[in-house]
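Me: Please give me a close look at a single part of this model, strand by strand. Then work outward to whatever surrounds it. Keep it brisk.

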Amino acid sequence: MIAREDRLPPRLRRSIFAVTMVALAYVILAPLTSIDAAQQAGLPLLTDKVWFRIVTTVLMFVVLASAWNIVGGLTGYASFGNIAFFGLGAYTVGALVANRGWPFGLALLVAPIVPALFALVIGLPLLRLRGHYFAVATLGVGVATGEVVNNVGPLGASTGLFLPIVRSDLLFFYLMLAAAGLAVLTTWVILRTRFGYGLLAIRENEEAAAVIGVNTNFYKVAAFCIAAALSGIAGGIFAQWNSFINQELVFAVSDNVQMILMAVLGGAGTALGPVAGAVVLELIIQTLAGGGSGSVYSQIGLGILLAVCVIFIPRGVIDFFGGRSKLSLRYFRQTLRETSA
Amino acid sequence: MSLLALSDVSKRFGGVNALADVSFAVEQGDVLGIIGPNGAGKTTLLNCISGLYHLDTGDIRWESASIRGLAPHRIARLGIGRTFQIVRPFPSMTVRENTAMGALFGRPGARLQPGAALSEADTVLDVVGLGEKRHYPVLRLTVPDRKRLEVARALAMRPRLLLLDEVMAGLNQVEIEQALEMVRRVRDSGVTIVLIEHVMKVIVGVCKRALVLNFGRILVEGPPADVLKDRRVIEAYLGQRYAREQERKET
């Protein structure tokens with residue numbers, strides 16, 4: 001009843017649906033042209049190494065932004081520590097595959113469990129904090145977790161972990177696609193159940209939620225654990241895909257800022273907002289960066305973009321599609337007043 | 001056996017005794033009015049009952065079982081609904097959705113699904129007189145309507161005890177009459193009510209008993225008409241000099 005997408009006018013919804021379906025069909029089917037059989041049949045090659053790298057990265061951020069959205073968007077707790085869940089998932093797979101010789105598939109099943117347990121343990125004390133206290137505390141936990149991992153000998157310490165290389169762009173692409181699908185589906189289901197309404201109530205007014213019977217602590221921690229499990233899956237896939245992980249790669253605070261930016265830009269609190277944000281933003285980042293010195297400028301650009309988005313479009317671009325708000329100077333003046341009050 | 005019984009409840013904030021040894025009982029079917037000057041501890045009392053504050057000493061019993069230290073959501077599901085003096089709607093939801101949240105989470109027994117909660121909300125909204133505005137976003141509601149919504153959300157929980165925190169404050173005469181009518185309907189439907197109010201007309205109009213708090217202590221308790229004439233109450237509200245002058249006039 002509350003999901004914003006439901007409020008789109010039907011015509012707009014139909015056209016958005018059509019465009020999404022076409023894009024989705026392309027993304028799902030195009031990689032198949034890289035199979036040997038397809039090549040021998042003379043089909044044009046639609047996807048090369050770069051395509052796979054970019055699209056798999058985009059999908060990874062779809063997972064991360066959607067997971068962040070469950071805590072930050074639905075429950076209203078802006079976490080700067082979600083990257084720790086991604087990192088723990090990556091290191092779970094890394095340690096099991098590189099050190100213990102587990103098969104990747106089996107290790108990936110454990111990848112969501114470790115971060116979820118971690119979320120359970122840190123969630124109980126952290127989710128008592130609100131607003132910027134919560135943001136700063138989670139930032140601290142995120143950074144600290146990375147530093148601890150960086151100093152544990154069996155986890156490769158500062159050298160990192162090397163996993164046996166698996167050469168299959170197709171495998172990692174479809175795995176990440178499945179994870180992204182799972183993340184979006186999870187959000188979609190949450191938004192339509194009692195649990196989701198509980199989270200929204202907590203976001204909108206936590207004390208009012210408590211006195212009408214919402215078990216606020218349980219709901220908040222559960223949301224945190226679900227987000228952690230999803231991020232952990234993405235981390236686990238990344239570890240094997242990249243076949244090398246270290247602290248800088250999987251505990252980067254800048255990645256945490258990116259997932260927030262994606263969710264906020266696309267529309268926090270909706271199922272599809274973070275997806276739109278992740279696709280658009282990651283494509284921009286990939287274009288801007290292109291490796292080398294470009295990444296510095298893209299970092300600066302992202303920081304500025306985050307500030308502008310939070311101030312001027314706090315409800316995300318999805319706000320313009322509901323027929324409630326129009327993109328105009330007046331809108332920006334009003335949101336500026338709202339956010340600077 | 002009383003529905004709700006407080007015994008020697010105390011609550012301190014730093015050096016301030018917000019509540020000091022407060023004891024009283026609410027019987028099934030009662031309408032108890034709590035009055036007192038600003039800062040007397042009225043809202044603190046409700047916060048203690050609904051579990052938002054922890055008691056320093058004393059005990060609160062619900063049908064003879066202690067509810068001290070229970071989390072607010074557990075207390076809510078026992079059948080204690082409340083409103084907030086400064087209204088706390090869920091701003092992104094409509095009136096109907098706000099009300100449905102009470103039915104969705106506050107029911108003691110069976111769990112409702114969202115659809116059933118929404119139709120439940122419609123019934124309650126008619127009781128409080130918001131039926132025609134059910135699809136409004138809450139931000140479009142006027143102050144009196146927002147207060148009604150607070151009551152609707154609490155009623156959707158089907159509470160046995162309803163705690164109302166100044167639902168009439170800020171309303172004009174006509175609106176107060178309407179709100180009074182609403183409270184009477186709720187009372188007649190068998191809900192026990194404890195209400196905090198500054199509007200004396202309300203206390204006299206619906207309450208069976210009134211209780212006066214001053215500096216965290218119970219000053220007087222009794223039938224509303226007697227309580228309002230009590231010299232100590234007049235002193236608390238208007239000062240000793242005024243109370244003396246009033247007495248001189250009467251004699």
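Reply: Two strands pair if DSSP finds at least two bridges between them. Strands (E, at least two residues) and helices (H or I, at least four) are DSSP runs, numbered from the N terminus. This is a predicted model: local features need pLDDT of at least 70, side-chain atom pairs count only at pLDDT 80 or more, and totals for chains, interfaces and linings use all residues. Residues are numbered from 1 along each chain as its sequence is written, while chains are lettered from A and ligands numbered from 1 in the order in which they are written.

Start with confidence. pLDDT is the predictor's confidence in each residue, from 0 to 100. Chain B has a mean pLDDT of 89, and 100% of its residues reach 70 or more. The model scores ipTM 0.88 and pTM 0.87.

Now the part itself. In chain B, six strands make an open sheet. Their order is β6-β7-β8-β3-β9-β10, and the pairing is mixed. The edge positions go to β6 (80–82) and β10 (217–222) of chain B. Each has a single partner strand, so one side of each has no neighbour in the sheet. From one strand to the next, the twist averages 20°. Strands of a sheet pair through backbone hydrogen bonds, either parallel or antiparallel.

This sheet has both senses of pairing around β9(B). On one side, β3 (residues 31–35) and β9 (residues 209–214) of chain B run parallel, over four bridges. B:Gly33 has B:Ala210 as its bridge partner in β9(B). B:Ile35 is partnered by B:Val212. On the other side, β9(B) and β10(B) run antiparallel, joined by five bridges. Here B:Asn214 has B:Arg217 as its bridge partner. The hairpin of β9(B) and β10(B) has two residues between the strands. B:Phe215 takes a positive phi there, near 45°.

Next, move off the edge strand β10(B). Two residues are in contact if their C-beta atoms, placed from the backbone, lie within 7 Å. Outside its neighbours within four places in sequence, B:Arg232 is in contact with B:Leu219 and B:Val220. B:Arg232 belongs to helix α9 (residues 231–238) of chain B. A residue is buried if 20 or more other C-beta atoms lie within 10 Å of its own, exposed if 12 or fewer, and partly exposed in between. B:Arg232 counts as partly exposed because it has 13 C-beta neighbours inside 10 Å. In sequence, B:Arg232 is 30 residues from B:Val202; in space, the two are 20 Å apart, C-alpha to C-alpha.

Chain B also holds a second open sheet, of four strands. The order is β2-β1-β4-β5, and the pairing is antiparallel. At the edges stand β2 (16–26) and β5 (65–66) of chain B. Each again has a single partner strand, so one side of each lacks a neighbour in the sheet. Strand β4 (residues 57–62) of chain B pairs with β5(B) over two bridges. B:Arg61 stands opposite B:Ser66 in β5(B). Helix α1 (residues 42–49) of chain B lies across β1 (4–13), β2 and β4 of chain B. It runs at about 65° to β2(B). That angle is between N-to-C directions, from 0 to 180 degrees, with axes fitted to C-alpha atoms, for helices over the stretch in contact.

Then the partner chain. The contact takes 24 residues from chain B and 18 residues from chain A. On the chain B side, α2 (72–79), α3 and α4 each give two or more residues. α3(B) gives the most, with six residues. That side divides into 13 nonpolar, five polar and six charged residues. Ala, Val, Leu, Ile, Met, Phe, Trp, Tyr, Cys and Pro count as nonpolar, Asp, Glu, Lys and Arg as charged, and the others, Gly among them, as polar.

In chain A, look at helix α9 (residues 194–204). Nine of its 11 residues are buried. Among them are A:Tyr197, A:Leu200 and A:Arg203. Their cover includes α3 (95–106) and α4 (114–128) of chain B. It also includes α8 (169–191) and α11 (216–242) of chain A.

One residue of α11(A) closes the tour: A:Ala239. It is buried, with 31 other C-beta atoms within 10 Å. Its contacts beyond four places in sequence are A:Ala90, A:Val93, A:Gly94, A:Leu163 and A:Ile245.
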